[in-house]
Amino acid sequence: MNLIHSLIGRRRFLLTSLTSIATLGLGRKAAPFSHGSAGASEKHGTAGGRPLKGIVLYYSATGSTGKIAGAIHRGMKSVFQCDVAPLKKIDPVETAGYDVVAIGGPIWYYRETANLRLFINRMPLMTGKPCILFCTHGTQPSSFFNSLYQPLIKKAFNVIGWNDWYGGASHVLHMPSPYVTDGHPDEIDLQEAEAFGKEMAERARRIYAGEKDLIPDIPSGPDADPLWLKGGMDLMDIDMSVLGAEMEGGMPGPGSGVEDGGPGGMMNYADEIPKIDMTKCIYPRCTACADNCVEGAIDFSRLTPAALVSGSSILVEGCIHCQQPMCERACVYDAITYRQMKTKHVYDMTKCTYPKCTLCIDNCPMDSIDFSQPEKPVVHNNCEGCDLCWCICPEDAISIPNIDETHALLANSETSWDSPFLANLNRAEKTGRFRRIVPIDKVGWGNLVYKNPNAPRVILHEGDYPYEVTD
Ligand SMILES: Cc1cc2nc3c(=O)[nH]c(=O)nc-3n(C[C@H](O)[C@H](O)[C@H](O)COP(=O)(O)O)c2cc1C
């Protein structure tokens with residue numbers, strides 16, 4: 001069975017079963033409260049004798065996840081005191097002061113954004129505290145929940161529930177504009193998210209009150225594979241032949257004669273390994289790459305004097321050469337490079353109005369942009385390649401020299417409702433999972449974001465630096 005569908009199916013089953021358990025109680029009695037009558041603490045819950053306090057943490061580039069986070073927050077705070085904050089506005093260590101944590105972000109490249117994962121890894125131990133996960137996406141949640149489960153378990157969280165919503169895709173470069181999921185999250189989604197937040201807060205309260213079996217099992221075995229790509233593209237039910245002759249045998253890459261890939265040459269993923277430059281690496285002071293590798297494929301105990309420069313010996317078998325790998329994105333010392341289909345950003349400082357405008361710096365999820373020497377602007381290797389900076393620059397000061405090489409193939413495969421990449425969405429609509437708001441003839445099949453000559457390509461809401469929830 002298709003892994004994605006099996007995961008979604010299983011998750012829906014879990015949520016439905018848990019909803020029933022939570023709603024009906026299934027004959028279980030909540031542990032008695034210290035006061036017999038319905039006092040404030042009984043209604044709102046306690047942890048260690050004081051009232052429960054929750055927080056909703058989120059990353060949102062263009063507001064979809066932010067809106068969902070706001071609605072979840074409304075639901076949670078109807079049960080107990082609850083704060084809400086974008087990741088950039090809170091230090092991970094501050095989460096120690098909360099009893100319940102909801103955390104979410106958009107899907108990028110079939111999984112969580114790197115800043116979300118790094119944030120979780122920088123959190124203190126949250127022994128036994130309930131955690132709720134949520135995401136928004138333009139097609140499907142892919143491996144978001146399974147990929148984040150491990151780092152959350154390492155923090156000793158109890159993951160008590162998860163959910164996903166569709167969001168608009170205004171800044172995905174190879175997508176049509178308007179896109180098929182634009183308009184989401186709408187009022188119906190937000191009501192659902194609020195109800196979800198309330199249900200999860202109730203569940204957390206009951207777990208604190210002593211009910212143990214409200215904690216769901218996460219899929220294990222092959223279903224828990226953190227990167228669905230590992231199993232091959234067939235898992236997404238994509239007929240690769242439809243993508244055209246150009247993609248046969250793989251994506252453009254080394255040997256193509258085109259820097260960073262391009263038509264004319266094919267990349268064999270098996271030949272690609274991350275390059276680790278030990279002269280830049282500051283191990284043992286930082287082990288972020290090893291901590292964030294979803295496959296545990298980086299092992300510093302194998303570091304030998306001979307490997308002090310190349311670093312190749314610390315890569316153990318198991319590196320699956322994932323798309324936009326976490327090791328590279330986690331490394332803020334530019335010690336890891338990986339050849340991939342990532343866009344290159346070039347800054348024209350004659351157009352840029354820095355320091356008057358700092359939009360790209362403020363919104364970069366990975367803080368990769370460094371204008372400390374404005375005459376020599378730097379984009380660090382940990383850039384995720386999300387291209388938000390290019391989309392929002394009001395001065396058209398950023399150019400992407402390899403934009404066609406990185407996006408034309410993908411665009412070719414996503415510009416019709418029957419295209420292989422949109423097949424999942426098409427199917428989801430037929431099964432009722434996806435509710436389309438933009439009529440099919442209004443989807444901008446011929447209007448691709450990366451072809452848009454106007455700057456800015458995406459306008460963020462006023463005051464959204466980064467996107468902030470107001471309720
Ligand atoms: C760089 C990038 C990569 C993306 N990759 C995926 C993906 O693999 N699967 C998917 O369903 N949506 C993908 N999306 C769409 C986003 O998940 C979707 O637009 C999301 O709702 C945006 O949330 P935000 O407005 O909170 O930033 C991607 C978007 C960007 C910008």
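# Exercises on a predicted model

In strand S6, Cys135 is the bridge partner of Gly105. The exercises below start from this pair in a model that is predicted.

## Exercise 1: The strands around Gly105 and Cys135

Task: Establish how S5 and S6 pair, and place the two strands within their sheet.

Solution. Begin with the pair itself: the bridge between Gly105 and Cys135 belongs to a parallel pairing of S5 and S6 that runs over 6 bridges. Next, widen the view to the open sheet of 5 strands, whose order is S4-S3-S5-S6-S7 and whose pairing is parallel. The edges of this sheet are formed by strand S4 (81-86) and strand S7 (158-166), each of which pairs on one side only. From one strand to the next, the twist averages 15 degrees. At the S4 side, strand S3 (residues 53-58) pairs with S4 in the parallel sense, again over 6 bridges, and here Ile55 stands opposite Asp83 in S4. Finally, add the helix that packs on the sheet: H6 (residues 187-208) touches S3, strand S5 (100-106), S6 and S7, and its direction makes about 180 degrees with that of S7.

## Exercise 2: The two faces of S6

Task: Decide whether the faces of S6 are covered or open, and assign the buried residues to their sides.

Solution. First recall that side chains in a regular strand alternate between the two faces of the sheet. Then apply the criterion for burial, which asks for 20 or more other C-beta atoms within 10 Å; by this criterion 8 of the 8 residues of S6 are buried. Sorting them by side places Pro130, Ile132, Phe134 and Thr136 on one face, and Cys131, Leu133, Cys135 and His137 on the other, so that both faces are covered. For comparison with a helix, examine H5 (residues 144-154), which is mostly covered, with 8 of its 11 residues buried; among them are Phe144, Phe145, Leu148, Tyr149 and Leu152. Just after H5, the chain reaches Ala156, which takes a positive phi of about 65 degrees.

## Exercise 3: The shell around the ligand

Task: Determine how many residues surround the ligand, which element gives the most to this shell, and what the shell is by class.

Solution. The count comes first: 24 residues surround the ligand, and the closest are Ser60, Thr65, Pro106, Thr139 and Gly167. As for the elements, helix H3 (64-77) and strand S6 (130-137) each supply at least two residues of the shell, and H3 gives the most, with 3 residues. Divided by class, the shell has 9 nonpolar and 15 polar residues, and no charged ones.

## Exercise 4: Backbone geometry and a buried loop residue

Task: Locate the cis peptide bonds at Pro284 and Pro456, compare the settings of Asp387 and Asp396, and find the contacts of Leu422.

Solution. Take the prolines first. The bond joining Tyr283 and Pro284 is cis, with omega about 10 degrees, and Pro284 is found in the loop between strand S8 (275-276) and helix H7 (288-292). The bond from Ala455 to Pro456 is also cis, with omega near -5 degrees, and Pro456 has its place in the segment after H12.

Turn next to the two aspartates. Asp387 has a positive phi of about 70 degrees although it is not a glycine, and Asp387 counts as buried because it has 24 C-beta neighbours inside 10 Å. Asp396 has a phi near 55 degrees, likewise positive, but Asp396 is partly exposed because 15 other C-beta atoms lie within 10 Å.

Last comes Leu422, in the loop between helix H11 (403-412) and helix H12 (423-431), which counts as buried because it has 23 C-beta neighbours inside 10 Å. Beyond four places in sequence, Leu422 is in contact with Val180, Glu414 and Trp417. Val180 is 242 residues away along the chain, yet the two C-alpha atoms are separated by 9.0 Å.

## Exercise 5: Where to read with caution

Task: Identify the stretches over which pLDDT stays under 50, and set them against the chain average.

Solution. The protein chain averages a pLDDT of 79, and 76% of the residues score at least 70. By contrast, pLDDT stays under 50 over residues 1-39, for which the model has 44 contacts beyond four places in sequence, and also over residues 225-271, for which the model has 88 such contacts. Where pLDDT is low, predicted coordinates should not be read in detail.

Methods
Residues numbered from 1 in each chain as written. Predicted model: local features only at pLDDT ≥ 70, side-chain atom pairs only at ≥ 80, totals over all residues. Buried ≥ 20, exposed ≤ 12 C-beta atoms within 10 Å, placed from the backbone. Helix = DSSP H or I, 4+ residues; strand = E, 2+ residues; numbered from the N terminus. Near = placed C-beta within 6 Å. Nonpolar A, V, L, I, M, F, W, Y, C, P; charged D, E, K, R; others polar. Pairing = 2+ DSSP bridges. Axes fitted to C-alpha atoms, helices over the stretch in contact; angles between N-to-C directions. Contact = placed C-beta atoms within 7 Å. pLDDT = per-residue confidence, 0-100.
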